[in-house]
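Dear colleague,

I am passing on the structure we spoke about, and I would be glad if you could look through it alongside the notes below.

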Amino acid sequence: MRNLLRLCPLLLVLLFGAEPALAGKRVALVLANSAYQNAPSLANPVNDGAVMAKTLKEAGFDVVESRHDLSALDTRRVLRDFADATRDADIAVVYYAGHGIEVEGSNYLIPVDAKLERDTDVYDEALSLDRVLVAVEPAKQLRLVILDACRDNPFGKTMKRTVASRGIGRGLAQVEPTSPNTLIAYSAKAGFTAQDGDGANSPFTVALSRHLTTPGLDVRRAFGFVRDDVLKSTNNKQEPFVYGSLGGEDVPLVPVKATPAAAAVTNPQADMRRDYELALQVGNKAAWEAFLAQHADGFYASLARLQLEKIAAEQAHAAAIEKAKQAEAERDRLAAVGAQKEAQAKAAADAKVAEQAQLAAQKAKEQAQQQAAAAEQQRVNLAGAAPNAAPASAAAPTGTNVAALTPATAPADLTRSVQTELGRVGCFSGQADGNWTTTSQRSLSQFNRYAGTKLDVKVASADALDAVKSKSSRVCPLVCEHGFKADGDKCTKIVCGDGYALNDDNECEKKRAAKRAVSKPATSRRDDSGDDRPARKRSQEGSAGGYGGIGGYGRAAAGTAAGARRASGGSSGQIYCDNTTCRPVNRGCHLEYRGGGGPGNAANAEVCN
């Protein structure tokens, strides 16, 4: 992208993102043990180690250290020296072929001088897998340990058990690396043994040499191909397995070699278009000025000048807004302090002028934005109609009215098509009128959100039309008003059952019964006499013997009592009744309930102080 790209290298990285990191310094250690001193020798490990060392060297590894038939002490020294080599490495690989053993869930590599007479000797005479992981830990990008050590272990048959419960497994135990970006590959799944094969190399190593260093192939996919080959060559008896995890980017052991660019005829219009699209994404004044410094004439230069005019109009509008605010503030300040009328009038006139300038700047900004948007829409349409062709106005002189050029497809037709398709997938509810307004932009933004796309919402492009057309069903969820619910592609009214009503959450809930007013019992009221005794007692007092409700005696006594009450005047209001008549209680006296009642047995007695 020539000089424009050289002006903004950091910006290019931020905009487009970095490519997957290529391998930097790569180091490898190959260990192979065949000549065991206290167990039968193995035929293939040394051959396997030689094949892997050759494979890694041909792949361009910076350091490939290959050692075979080492004692326990020599193995520890080699691991220590290799750890120094991994300190500044990006990728570190350790390959081991030989015997291995699992004790109490931990894995150990067996040197050639190990005796392992007892199960506890493994802690002193063998090397733990954790020790190997420590050697590769400094690597920054990938730590890879490959173990072709799942062979049938001869030491387990003669080894004495110091504790009967101590477990010695078959093959190697499953492991989960604790360090990030670490993979541990077994030639056979945990708990299973691997085969040496009929040839000079094990099936596992043959598959590794074929796939592991394929340029650009992610290491996880490489081990997938290795697994397939080993399963096929062993009739599904041996399945390699990989433990650990990596991130989302591809991590090849060997990067793809950069091929020299073909000596093809350069297309200056293509370079100009790429530079223009870069400047468009940056979108500031400096980017457009840098573009025009390299491409002063032609179709894209005219587009760039329209973009500069739009930026200038936007800046002028912002400055006019600020000046209007200052003038208005000065006018309000003078009015608040009671300045002279002449000063206030001048400030008011300045505020009016600033307001008019703001409106003019706003109009100019909108006009410049519309012109730039129309020109950009035309560019998109032309690029969609003929991606590899240069614009017809590429050689037009500076000052060409780009917006007036006739594109292959009318922008209004493309916009109308995008709006129609957005409506079909439920993202646009307006009328497809060919005007790309803010409503249409919000609709396309909704489509981006629910479809997972990143289309430019500022313009109705051919890319947007293709993306929306590719969706065969609704994309944006159906939103209904209160009282309605989504039913497929329609909103239907919510009908609640008897005794239920629609709440604010658009759900039917049971109606609450209205609370009834609770009246106090009649017996709780006091009568005019002011007597606080229970009503039953007062009724018995009025009956002069407790039989006021029986026959004529009660009715006569009640009538006599009523007359006596009217005649009581200033008495206490209590009435005393006997077998013959009723009279008011004497002044200074009161009635006391004595119990009983009936003819000849008065229930109340008149008590005087």
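The notes below take up the sheet and then a pair of helices.

This is a predicted model, in which local features need pLDDT of at least 70 and side-chain atom pairs count only at pLDDT 80 or more, while totals for chains, interfaces and linings use all residues. Residues are numbered from 1 along each chain as its sequence is written, and side-chain values use heavy atoms, with hydrogens and water left out.

Six strands (DSSP runs of E, at least two residues, numbered from the N terminus) form an open sheet in the order S2-S1-S3-S7-S8-S9, with mixed pairing (two strands pair if DSSP finds at least two bridges between them). Strands S2 (63-68) and S9 (241-245) are at the edges with a single partner strand each, so one side of each has no neighbour in the sheet. Within the sheet, S3 (residues 91-97) and S7 (residues 142-148) pair in the parallel sense over seven bridges, and Val93 stands opposite Leu144 in S7.

Helix H9 (residues 219-233; helices are DSSP runs of H or I, at least four residues) packs on the sheet and touches S7, S8 and S9, where contact means heavy atoms within 4.5 Å.

Helices H4 (residues 72-85) and H6 (residues 129-136) pack at about 25 degrees, with their axes 7 Å apart; axes are lines fitted to C-alpha atoms, for helices over the stretch in contact, and angles run from 0 to 180 degrees between N-to-C directions. The contact involves Arg76, Leu79, Arg80, Phe82 and Ala83 of H4, and Arg131, Val132, Ala135 and Val136 of H6.

With best wishes
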